[in-house]
Every structure is written in structure tokens, then in C-alpha cells.
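The questions below ask on what grounds certain structural terms are applied. Each answer sets a value beside the definition that it has to meet.

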Amino acid sequence: EKMTELYASHVKAERGVIRRRKKSREAWRKVEEKKPDLSELAPPEMTREAGDAASQGATRPVSPAGSVATSFSSALQEDVERSLELHRDTLANLLVFDAWHAMISSPVGANLEANLAASDDAGEVRMSELISSCRASLPVDTDGWLRLLISAVHGQFVGVLACDMTLPGAPIIFVNSGFERISGYTNMELHGGSCRRLSSPESNEETIEQMRQAMRTATEVKVQLLNRKKDGTDFLHLIALRPIFDSSGLYRFMLGVTVEVTQSLDRMKHRLAQMERLLQLVPSRLSLPSPSAARERAQLTRSMVQVRPPQNDWDDSKSARGA
């Protein structure tokens, strides 16, 4: 059912993209048909610019209609970008979230694979081979799931980061390219470190305490926070934290999904929709065990800090700012 709903929503969105493209092409065609010859009315400066452009190999003269073409081109480019994001979302959903895994691991998936393999159609036989390959490469533990998640969300425009809660200090173990764009820091620069380096003197202490409490108690939270980029400029972003547990209930990861607050309402709506889709699809409890090394780390960390959980990424913000 989840895969059916996912496919239906993707098809609906794709049809909307196609309709917008069609309208853009029709509007541009009408502009081209009605476009007057403005060369005689153009001032001498525009005529000279057009002549210079033609001498440099330009394909059309400079005219007021150029701005119309640019606007339609920009609209078409935005449609293409949205279409690519939809495809990327679909790939992420199929790869990393439980619908695809559950299907190919179930008797329904086994029957589908057998029926496709027995088909006379070469394409269906190839599909059965792909399903078999997918089943063989399914993650067997939480670390494998995280690697699959990293592959799926790496190119997402929303920022995604993951912290390992079995290690003291809950260090960052991954940020995607969206988070790199928002913060200015690369994955390598943040890996193994703390989110405290993003702290700004203007960061709200109450908000930081909310995040600290969420990581300490393994609960979800959504806040708006002011942080500082690598270049020293402050930025406001919305961030949602989602704890991830393994099949035995071990607190393995804290996943953060974030979008930067901008002045563009349309862009914000699109990013927030992506953020919500991602949060809805990421399971809070995996049906996979943690590897023995992770369980041992968690036990050692608990013994080191006794009753207190590992210090989280947003702890000691005051001392970090002083440093």
C-alpha cells in the first residue's frame, strides 16, 4: 500500500510538471508568433549591441522580447529541477525506507520474482534478476541501513545529518550535500566533530536546551535555531530531530533534517514539503539489529557516564562559544 501511494503521488506530481511545461511551450510559441520586428524602433545602442552579438555568433538579436524568453526559460528550468528532485525522492523512498525492503523480503516479492523469471519477456527476466540482486544486498544491521540512507539522501536539497548515539559526545558521522550548502562546512570537516562548532553568540539558549533534552531523552523535536556558517555569517534554519532505534530498542542514531529559512516563500514551501516527506518515511525503529561492536560501545559509554546518557552535540554551547 505504501509503494502504491508513493507511486500515485509521484505520478500526480509528474503530471503537474508536464502540464506546466506544456503551458510554458504554448505561451512561448504565441510570443514568437506575435513578436513584432523591433529592429527599426530600437535605439542605436541596442542596434549596436545586436550587431556585436551577431558578430560573436549569437543566434538572435537583442530585443525586449529577450526578457520574456528568459522568464519562460527560468520557469522551465525550475520545472526540470523539481522533476529531478521528485525522481530523487522516489529513488530514496524505494531504496532506504521499509516499503521496498518489506516487499522483496515477503512471500509476495518471492512470487513476483518467480513469475518474472518464468516470463518469455527479456525485460521481465532482467527485472527478476534485479530483485534477486536487491534481496542479496539488503542491509543486515543498522550500520548497513545507515550506509543505504547516506546513498539515498546524499544529493537531497534539504540538509541531513546523523549522529552516533553509542559514542561519547554523540559525534556527527554524516552530513549530506544539502547540509554542506546550508552550513558551508564539508562532510569531512564535520565528521567526528560536534554541532557546537556551528553555534553563534546569538543562538537562543532555550532552543539549544530543547535540542539537548531531545537528544538526552531520545525524543523528537522541531525548532528554529540561529547558527553560524563557516564564513562567519549567521543563518536561521528549521531543524527536526528524529531518534533511530534498532530492533532491540538500542538508541543508535539521532537524525537531523533541516532547511534554511529564506525570503522566498515558494522555495520554502517546496523545501518544507521535502522535509516533511523525509521525516514521515524514515522509521524511528528499525527491524534490524545493531552490530556487536555498536552494542559494546553503547554498554561501555553507559558505564563511563553511569546514569547520565552520552553528552550530545549541542551540549556545552557556552564553553564552545567562549573558545
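What follows is a series of questions and answers on salt bridges, exposure, strands, rings and helices.

This is a predicted model, in which local features need pLDDT of at least 70 and side-chain atom pairs count only at pLDDT 80 or more, whereas totals for chains, interfaces and linings use all residues. Residues are numbered from 1 along each chain as its sequence is written, and side-chain values use heavy atoms, with hydrogens and water left out.

Q: Why is the contact between Arg126 and Glu129 called a salt bridge?
A: A salt bridge is a side-chain nitrogen of Lys or Arg within 4 Å of a carboxyl oxygen of Asp or Glu. The N to O distance between Arg126 and Glu129 is 3.4 Å, so the pair meets that definition. Both residues lie in helix H6 (residues 122-136), three residues apart, about one turn of the helix; helices (H or I, at least four residues) and strands (E, at least two) are DSSP runs, numbered from the N terminus.

Q: What makes Arg126 count as buried, partly exposed or exposed?
A: Buried means under 20% relative accessible area, exposed over 50%, and partly exposed in between (1.4 Å probe, protein chains only). Arg126 has a relative accessible area of 47% and is therefore partly exposed, and Glu129, at 43%, is partly exposed as well.

Q: Which parts of the chain does the salt bridge between Glu220 and Arg242 link?
A: The side chains of Glu220 and Arg242 meet at 2.7 Å, N to O. The pair links distant parts of the chain, with Glu220 in the loop between helix H10 (205-217) and strand S3 (221-228) and Arg242 in strand S4 (residues 234-245), 22 residues apart. Glu220 counts as partly exposed because its relative accessibility is 47%, whereas Arg242, at 10%, counts as buried.

Q: Why can Lys229 and Glu260 be said to tie together parts of the chain?
A: Their closest N and O atoms are 3.3 Å apart, and the two residues form a salt bridge. Lys229 lies in the loop between S3 and S4 and Glu260 in strand S5 (residues 251-260), so the pair ties together parts that are 31 residues apart in sequence.

Q: How do you know that S3 and S4 pair, and in what sense?
A: Two strands pair if DSSP finds at least two bridges between them. S3 and S4 have eight bridges, in the antiparallel sense, so the requirement is satisfied. Leu225 stands opposite His237 in S4, and the two strands form a hairpin with five residues between them, where Gly232 in the turn has a positive phi of about 95°.

Q: How many bridges support the pairing of S4 and S5?
A: Nine bridges join S4 and S5 in the antiparallel sense. Ile239 stands opposite Thr258 in S5, and in the turn of this hairpin Gly249 has a positive phi of about 95°.

Q: What makes the rings of Phe245 and Tyr251 a pair, and why is the pair called tilted?
A: Rings of Phe, Tyr and Trp (its six-membered ring) pair if their centres lie within 6.5 Å; planes under 30 degrees apart count as stacked, over 60 as edge-to-face and the rest as tilted. A search of the whole structure finds one aromatic pair. The ring centres of Phe245 and Tyr251 are 5.6 Å apart and their planes are at 35°, so the pair is tilted.
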